[in-house]
Amino acid sequence: MAHQQLINHHIFDNGLTLVAQSMPWLQSAAFTFGLPAGCRFDPMDKQGLSNLTCEMAFRGGGGYSNRELVEALEGIGCDYYSSTGIYHTFFGGALPAENLIQALEIYLRTIGGADLAESQFEDGRNVCLQEVYGLEDDLAGKAMLELRLRHYGHPFGRNSDGDVQGLESATIDDVRAYFRRYYQPHGAIMAVAGNCDWEKLKAHVERITADMKPDPVEMPKAADEKRGYYHIPFESNQTHLTFAWPWLPYRDDQYYLARAAIGVLSDGMSSRLFHEVREKRGLCYAVSANCHSILDRGAVFGYSGTTTQSAQETMNVFLAEVRGLAHGVRKDELDRLKVQFRSGLIMQQESCRSRVSAIAGDMFHLGRVRMLDEINEKINSLTVERVNQFLAEHVPGPFDIVTLGESELEVNDEFASA
Amino acid sequence: MNLRRHKLANGLTILAEVNDAAYFAAYGFFVKAGARDETPEISGVSHFLEHMVFKGTEKRTADQVNLELDELGSSSNARTGEESTIYHSAVLPEFQGHIVELLSDIMRPSLRNDDFETEKKVIIEEIMMYQDQPPYGGQELLMSSYFGTHTLGQSILGTVETVGELTAEQMRNYFSRQYSPGNIAFVASGKVCFDKLIEDVEKYCGGWQAYDVDRNIAVATPTFGFQTLHKENSHLQYIMQLSPGPSTEDNDRFAMRVLTSVLGDDGGSRLFWELLDPGLAESAAIGNCEFLGTGTVMSYFSCPPELAQENLQRLQKIQLSALQGVSQKEVDLAKQKIASQILLASERTESRMFSVGMQWINGLPYKTPAEIAADYKAVTLEQCNAVAHRYPLDQNCTVSVGPNQNINRP
């Protein structure tokens, strides 16, 4: 290992978690500030309100106009972003490390004192509407969004961008009320990775967030899950096939066994899906299956896009391979996967951007950062016997399926959810 | 970081930017072969060949290639462009010997007929996939309209027809011409053992036969005009334009990048404030794209169809505003942004390999990230305003794709 992992975290009295990985050999740093203000709190009839509030929070405040804010961040070389997810709204960026403290100061000052001006509201709403319009032309994304909503239900399966109806019905007062309620530090996570000094960073963050008063939020309950097969008719060259089934979440003790099984299915060019669907049969260009977690629930989401005439065969082969996992994995498959896991883990260590999202994710899902040694131990402890024992107890399914394309497909009843 | 170089007797170049502090190493074959090296009847062959390179050799089947790439825990991929095809893998340092042997071996593919026919289906799926994605073939139409019969007008993927009719024999002929060792560099970055690298590349590639290879880099004569591609079930309208810009060899490209950043970056630019900040468009950008002998600038936006005509006028307003001059403050901000992007990229091992490799493909002298940053830092306001006049963006070829068929040049 080229460098030691230097990771610290601290929870301030107001409930804000600060986590940082010091990477002193870099000249850059990356940060993200996740406020517990994701779309899980959007009212059913105002989906997109969190996204609109995020947009408005970045349109001036703390003495900066909209334009001054952008110029201030660009002036210190900050490649900035803001986005809304299920649980959090994120503000972040990457920049030369010497400007990190200044960037955090600008962010906190602006977001903390966001103007939420009525004069900016229509423009802000239009920006959010454009994001929703853009998704309409992403056919694979559209099928996957529908699948997620059906599989996880509201609010955890939502598209965090919202919908046209919700965005059009939201008012500036809704935005202000949402901001007052959810832009608070309890459950917020600030993560930093790169060339940074932990003690200085901690002192600085404590100072600039001291005025933020905690107001804990409650987790909403999942509702409106829909099971089975659903087809979206659309005139297109390809049919987009998406699959979901329940799987273990990241925080589960057996997660690495579950992840290894999906790795054999889909990681790399020798994986079962790539080999059987693309290499052997030439059915598609893209095929994949990925683990996904929403705190205490997990799922696998699978995808393939293929021409209409190959769609039924692609679905059959895809599902047969997934079901085939129940028969277990082979030693050569697991050995390859373990090398891939280790390599990926090490390669991820060089970039401040990838580290910042990894440590922020760990703090959210686990309340701590999994260190390299611990992950390596988990990888080393993967054996064929343990993975196969796990698979015997966790047969993939039942499947929720969404397809988008010219024709509906036939789904064998035994695959579909009851 | 320092660059090490070596050239084999058959003309193959070896380049490595060695960084002992890196966690891993990236390796890649950079080939001077791309869509502009094709004739119309074999359009798409460079990209198809890129796929076939992974389909086995005299020593290995396609399955063995895939298995070994995964056994090494490699992050591997390949890409084809107008002027290059690149095969690359990142692995941990202990796998250097194996990955160099494997990559070298696959660079002499068998191109077996049965693999060729199976992979043809995958390529056709890929073409179909892109036809379903915005801008629905608009990019290809723009390139062919702008470049006409010039080789840069050819599609990288080819069409269902050209790929469907390609034969393995045509591919073999193309391969022996374009993949001559003088046309290839093996490039590495990160934690690399250079002496071992030379030894191995010599062993595995030293016997490759050299051919004389020509590349046509004739300057293109652009065609300006306006074309509409009707796509009824598209939700948005996609407008894209090409206008002349500095070529790869032209030092004006630095000033042009600063200028296009001022005018059309997706954040903080004049176009951003005009179209994106008020929510009039879903995406909008202006950026330069250089080729050997010929350069272009691309202007682009997507928006609801009913706003497209007005937005096209707004885009033209921004393009014309360049002729009135940009300000020192705008230039300074753009230069700061570019410097930061160069810094962030310089800390990625794979991005260093691409930088070194693309400099070789482009026939440019090697420069470190600091030297490249210095080139941008040296750009003056006067140079930006000069390139704005030399390359007026409003004189262009435009393609409009989407449901609105009533859009006209402003």
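## Chain fold, domains and contacts in a predicted two-chain model

Of the 418 residues in chain A, 50% count as buried, meaning that 20 or more other C-beta atoms, placed from the backbone, lie within 10 Å of the residue's own. This is a predicted model, in which local features need pLDDT of at least 70 and side-chain atom pairs count only at pLDDT 80 or more, while totals for chains, interfaces and linings use all residues. Residues are numbered from 1 along each chain as its sequence is written, and chains are lettered from A and ligands numbered from 1 in the order in which they are written.

Chain A has 15 helices and eleven strands, taken as DSSP runs (H or I, at least four residues, for helices; E, at least two, for strands) numbered from the N terminus. Its radius of gyration, over C-alpha atoms, is 23 Å, close to the 22 Å that the globule rule (2.2 Å times the number of residues to the power 0.38) gives for 418 residues, so chain A is as compact as a globular protein of that length. The C-alpha trace of chain A spans about 60 × 50 × 35 Å along its principal axes. Among contacts in chain A (C-beta atoms, placed from the backbone, within 7 Å) with a separation of 6 or more, 80% join residues 24 or more positions apart.

The domain assignment of chain B, automatic or from a database, gives domain 1 (2-205) and domain 2 (225-402). Their C-alpha centres lie 28 Å apart. The contact between them takes 33 residues from domain 1 and 25 residues from domain 2. On the domain 1 side, α5(B) supplies the largest share, six residues.

Chain B also touches chain A, with 51 residues from chain B and 52 residues from chain A. Here the largest share of the chain B side, nine residues, comes from α4(B). The table gives both sides by class, where Ala, Val, Leu, Ile, Met, Phe, Trp, Tyr, Cys and Pro are nonpolar, Asp, Glu, Lys and Arg charged, and the others, Gly among them, polar.

| Side | Nonpolar | Polar | Charged |
|---|---|---|---|
| Chain B, touching chain A | 24 residues | 15 residues | twelve residues |
| Domain 1 of chain B, touching domain 2 of chain B | 19 residues | ten residues | four residues |

A nonpolar core is a set of buried Ala, Val, Leu, Ile, Met, Phe, Trp, Tyr and Cys residues joined through C-beta atoms within 7 Å. The largest has 113 residues, and those touching the most other members include A:F318, B:F30 and B:V187. Helix α9 (residues 255-266) of chain A gives this core its largest share, eight residues. Beyond its neighbours within four places in sequence, B:V187 is in contact with residues including B:L15, B:F30 and B:W360.

Technical notes. Contact = placed C-beta atoms within 7 Å. Buried ≥ 20, exposed ≤ 12 C-beta atoms within 10 Å, placed from the backbone.
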